[in-house]
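Subject: Handover of a structure and its findings

Dear colleague,

Please find below the structure that I am handing over to you. My findings follow it, and I would ask you to read them with the structure open.

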Amino acid sequence: MESRIVVFINGIPVTIHRGMQVQHALISHDQSLYDACRHGEMHVEDEDGFRVGLEGALSDGTKLYTRKQGRGSRVRGPGRPKKE
Amino acid sequence: MKTHVQRIMGLLALILLVAWVSAGVAETTTLTILHINDFHGRILPDADTDPKKPVAGAACLAAMIKTERSKNRSGTLLLSAGDMFQGTCESNHYHGAPVIKMMNELKFDAMALGNHEFDWGMTELNRLRTSAAFPFLAANIVNKKGIPLPGIRSYRIVQRNKVKVAVIGIATPDTPFTTKPDNVKGLDFGKPDSVLPRLIKAVRAQGASVVIVLSHLGKDDDSRLASAVPGIDVIVGGHSHTEISKPLKAEENGTIIVQAGAYGAYLGLLELTVDSQTGRVTGFTDTSGLKRVSAGPEDKADRKTALMIKPYVDKLRPTLDKEVGETRVRLVKPPTRTEETNLGNLITDAMREASGAEIAVHNSGGIRTDIPAGPITRRQACNAFPYDNNLVTMSLTGAELKTLLKQSVNSRQGIMQLSGLTVTYDRNKSEDPIVKAAVNGADIDDKKIYRVVTNDFVAAGGDGMEVLKGKPYETGDKLRDAFEQYLKKHRPVEPKVERRIVFVNDGK
């Protein structure tokens, strides 16, 4: 198993060690986004619009988006995961 | 004549209606799946995120579970998708005992093994398992001989509202990357899509008409699994801390995917409609989704659970004031984050000793308070290092070490505190500020490989450490545990500023 994975923060690829979490991907990409999330100014959503925690685990290819708190968050009905 | 035709038409319509009702509308029953994941020891309400709206905690979660179960007593399953115990002082101190007690009281039906279930080693995992009144499930963990872990089951079959439900547990194959290697030594974490088809066939053969995979893979891998493996009705997930506000339905196989965020802030509720004749899932209700576990003064708390948790919390309070060491000198955090301090030296020395690495690097910004001379309490140690960081050890070339030192002195967030490594900087030389850099007295060799311990924040490239991004590493102890162990062993400590980081020509 590869020890590194690539995730996408706001569409930008970020290579991280397998086992790292959402917070680490944010730090690797742009520490100011991590700081904003930690202080509650922003939050993170996945590609289906569901919120994820900073200590959430990541998979190879995970797509995450940072959103300003109270904006851009989508309430989703039953949906479909995208085909890989 | 017209009336006669109308009567015949009316009769036909009635016959058709009766036939449609009896043939097309099957009788259904409801299965209620209550689920949580990644509770991480949150037995007390969390008021840190929003002091006006505390959430979670064992007592309020228990009240909500009991209320929801009472609505469908014979048709409810209560499941955990893993990572239940590690993560708070209250749970860590007792190695998860209060959480197991809460889960037993609430009559959980099963729990998937999360990666953090391995954090305290196999002995502690076995202790947790044997004290649980419900099975720990993981179908994809075997030892090198292909034998499953002792006492860990692949699946459990239960009957609810006359429907046989199989619950199969799946652990994340990423576990060896997230815990100390010794904790999972000799274990193989198999690919879920390799082990599941056989198990699904086996549980179906035993009469299970509903198959639930209790997964600690994370939502993206759950989605992949749902597409790759037919025959899974529901995946109750964890690991990615995803708040799936409304259940997802996979396109290929129709598998329903749910996950309830983390830390007990939500209770997941999935109401499955099941054909009573066939026992097969026909859908889920619109009321399925996440229920916020509010924990304010007006919110319902389960008294029995609260009383069960209280002794653990009460007993722990004094332990936060317990002495874990002593210092002869004031331990100083880096006041401007641009200087070596004795607390920086102490923590990096502790990191080196805990990991066996020859070099330790810790960010100045991760050291938050001073500790006065005298006895050191656990609370003071927690305040000085409030982040729940892990030690991580990696291999760096000498050239990479020099890059790290350059990035350290140029970082806007502050320099790295060092152990095993000394550096002299000249701030007038912005291109190449390193005058001299040595490991244990010897100049750094650009081609030599050095073992370096840091914390997971810095390893991710935090505080400007770009050179470490994407570097493979091994996970070690918790930083605070390493600190406490060092204080205990070297009591009393008397760390000094000893010119590990020196500036020349800096105008001082």
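Among contacts in chain A between residues at least 6 apart in sequence, what percentage join residues at least 24 apart? The figure is 47%. Please bear in mind throughout that this is a predicted model.

**Chain A**

Chain A has 84 residues, and 49% of them count as buried. Its secondary structure consists of two helices and five strands. Read from the N terminus, these elements follow the order β-β-α-α-β-β-β.

**The interface of chains A and B**

On the side of chain A, 39 residues are in contact with 42 residues of chain B. As general background, the size of an interface is often expressed as the accessible area that is lost when the parts come together. Here the area buried between chain A and chain B is about 3,400 Å², and carbon and sulfur atoms give 52% of it.

Polar contacts between chain A and chain B number 16 residue pairs, with both residues at pLDDT 80 or more. Four elements of chain A each supply at least two residues of the side that touches chain B: strand E2 (12–17), helix H1 (22–29), helix H2 (31–38) and strand E4 (51–52). H1(A) gives the most, with four residues. By type, the residues on this side of chain A divide into 11 nonpolar, 14 polar and 14 charged.

How many salt bridges does the rule find across the interface of chain A and chain B? It finds three. The side chains of Arg18(A) and Asp174(B) meet in a salt bridge, with a distance of 3.2 Å from N to O.

Strands also pair across the two chains. E4(A) and strand E11 of chain B, residues 242–243, pair in the antiparallel sense over two bridges. In this pairing, Val52(A) stands opposite Thr242(B).

**A sheet in chain B**

Six strands of chain B form an open sheet with mixed pairing, in the order E6-E7-E9-E10-E13-E12. Its edge strands are E6 (155–160) and E12 (248–249), each of which pairs on one side only.

Beginning at the E6 edge, E6(B) and E7(B) pair in the antiparallel sense over six bridges. Tyr155(B) stands opposite Ile168(B) in this pair. Two residues lie between the strands of this hairpin, where Asn161(B) takes a positive phi near 50 degrees. On E7(B), six bridges also join the strand to E9(B), residues 210–215, in the parallel sense. There Val165(B) stands opposite Val210(B).

Why is E7(B) described as largely enclosed by the rest of the structure? Seven of the eight residues of this strand, which covers residues 163–170, are buried, so the description follows.

At the E12 edge, two bridges join E12(B) to E13(B), residues 256–259, and these strands run antiparallel. Leu248(B) stands opposite Ile257(B) there.

**Asn390(B)**

Asn390(B) is placed in strand E20 of chain B, residues 390–397. Is this residue, Asn390(B), buried or exposed? Its relative accessible area is 18%, and buried means under 20%, so Asn390(B) counts as buried. The side chain of Asn390(B) reaches the backbone oxygen of Gly476(B) at 3.2 Å. Leaving aside neighbours within four places in sequence, Asn390(B) is in contact with several residues, including Thr454(B), Asp456(B), Thr475(B) and Leu479(B).

Yours faithfully

Conventions. Residues are numbered from 1 along each chain as its sequence is written. Chains are lettered from A and ligands numbered from 1 in the order in which they are written. This is a predicted model: local features need pLDDT of at least 70, side-chain atom pairs count only at pLDDT 80 or more; totals for chains, interfaces and linings use all residues. Side-chain values use heavy atoms; hydrogens and water are left out. Contact means heavy atoms within 4.5 Å. Buried area is the accessible area (1.4 Å probe) that two parts lose on being put together, summed over both. A salt bridge is a side-chain nitrogen of Lys or Arg within 4 Å of a carboxyl oxygen of Asp or Glu. A polar contact is a pair of N or O atoms within 3.5 Å; within protein, one must be able to donate a hydrogen and the other to accept it, and residues adjacent in sequence count only if both atoms are side-chain atoms. Ala, Val, Leu, Ile, Met, Phe, Trp, Tyr, Cys and Pro count as nonpolar, Asp, Glu, Lys and Arg as charged, and the others, Gly among them, as polar. Two strands pair if DSSP finds at least two bridges between them. Buried means under 20% relative accessible area, exposed over 50%, partly exposed in between (1.4 Å probe, protein chains only).
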